[in-house]
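Me: I'd like to go through a structure with you and ask why each label was given. Could you set each value against its cut-off as we go?

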Amino acid sequence: MTEETPGFEEKPDVPSGATSDDAETEAAATPSSEEVAAPAGDANQTAGLTAQLDQVRTALSERTGDLQRLQAEYQNYRRRVDRDRVTVKEIAVAGLLSELLPVLDDVGRAREHGELVGGFKSVAESLETVVAKLGLQQFGKEGEPFDPTIHEALMHSYAPDVTETTCVAILQPGYRIGERTIRPARVAVAEPQPGAAPATAKDAKEEQASDEESGGGEEV
């Protein structure tokens, strides 16, 4: 067992030609293993956080897309329900008004014969006001072109003064609610004479000019 000499301090080996101060400076400049490992650990932690952030962003994007699709489906559902509600209401109103059409026909015939007087007149006008508020509209006029989508021809004839199939008499008026036809107008129609040349706009203008000239030459 060796005895240490008091006051003797061991110093690290110093290369030849180098002083102890140079050795201490080199030791301070050389990073330790812990200092080398620290930046690598920070980089790995940053990469892990970045990966987690990307996952969160992806999940958020998917959930946002799901929410947008759900909201669009709900909006479509609401529009469909509102449209069905309006359709059901129109069908119900049309069914009710269809039952009242014979009464309206009787009112119209009474008016034509001058029988719409007194209390009956007030009741009839109140009824017509109510059905008008519900959207009922009457259509069908003499002289208008025949349209098979809104007219029903009950009588047919030929006439020299028409250039196309024309409604010459309204036997029963038609009724509609909005674009929905409840009952077509029942009419008598007339067609041009077979073999007759259709009148042109030029012929009509010439005939009108001739009539004006002949009328203008007359003395009062």
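Reply: Happy to; here are your questions, taken one at a time.

Reply: First, the ground rules: this is a predicted model, where local features need pLDDT of at least 70, side-chain atom pairs count only at pLDDT 80 or more, and totals for chains, interfaces and linings use all residues. Residues are numbered from 1 along each chain as its sequence is written, and side-chain values use heavy atoms, with hydrogens and water left out.

Me: How many helices and strands are there in the protein?

Reply: The protein has four helices and six strands, in the order α-α-α-β-β-β-β-β-β-α along the sequence. Both kinds are DSSP runs numbered from the N terminus: H or I with at least four residues for a helix, E with at least two for a strand.

Me: What makes β1 and β4 a pair?

Reply: Two strands pair if DSSP finds at least two bridges between them. Strand β1 (residues 136-139) and strand β4 (residues 174-177) have four bridges, in the antiparallel sense, so they qualify under that rule. One of the contacts joins Gln138 to its bridge partner Tyr175 in β4.

Me: Which residue in β5 does Tyr175 stand opposite?

Reply: That residue is Arg183. Strand β4 also pairs with strand β5 (residues 180-183), antiparallel over three bridges. The hairpin of β4 and β5 has two residues between the strands, and Gly178 there takes a positive phi near 65 degrees.

Me: Why is the contact of Asp82 with Arg85 called a salt bridge?

Reply: The term asks for a side-chain nitrogen of Lys or Arg within 4 Å of a carboxyl oxygen of Asp or Glu. For Asp82 and Arg85 the closest N and O atoms are 2.8 Å apart, so the pair meets the definition. Both residues lie in helix α2 (residues 33-112), three residues apart, about one turn of the helix. In general, side chains of opposite charge can pair when their charged atoms come close. The structure holds eight salt bridges.

Me: What makes Asp82 partly exposed?

Reply: Its relative accessible area is 36%. Buried means under 20%, exposed means over 50%, and partly exposed is in between (1.4 Å probe, protein chains only), so Asp82 falls in the middle class.

Me: How do you know that Glu90 and Arg180 form a salt bridge?

Reply: Their N to O distance is 3.7 Å, which satisfies the salt-bridge cut-off. Glu90 lies in helix α2 and Arg180 in strand β5, so the pair ties together parts that are 90 residues apart in sequence. Glu90 is partly exposed at 36%, and Arg180 is partly exposed at 34%.

Me: Why does the contact of Glu128 with Arg111 count as a salt bridge?

Reply: The N to O distance for Glu128 and Arg111 is 3.1 Å, so this pair passes the salt-bridge rule as well. Glu128 is in helix α3 and Arg111 in helix α2, so parts 17 residues apart in sequence are tied together. The relative accessible area of Glu128 is 27%, partly exposed, and Arg111 is also partly exposed, at 40%.

Me: How do you know that the charged end of Arg176 sits over the ring of Phe139?

Reply: The charged end of Arg176 is 4.2 Å from the ring centre of Phe139. The rule requires NZ of Lys or CZ of Arg within 6 Å of the ring centre and within 35 degrees of the ring normal. The distance fits that limit, and the contact is listed as sitting over the ring.

Me: What makes Leu96, Val130 and Leu134 a nonpolar patch?

Reply: Patch residues have over 30% relative accessible area and no salt bridge; like charges are joined within 9 Å, and nonpolar side chains (Val, Leu, Ile, Met, Phe, Trp, Tyr) within 5 Å. Val130, in helix α3 (residues 118-133), has 46%, so Val130 clears the area limit. Together, Leu96, Val130 and Leu134 make a surface patch of about 260 Å², with areas from the Shrake-Rupley method and a 1.4 Å probe, where for residues only the protein chains shown count as cover.

Me: Why is Phe146 called partly exposed?

Reply: Phe146 has 25% relative accessibility, so it counts as partly exposed. Phe146 lies in the loop between β1 and β2 (151-159), and its C-alpha is 5.6 Å from that of Cys167, 21 residues apart in sequence.
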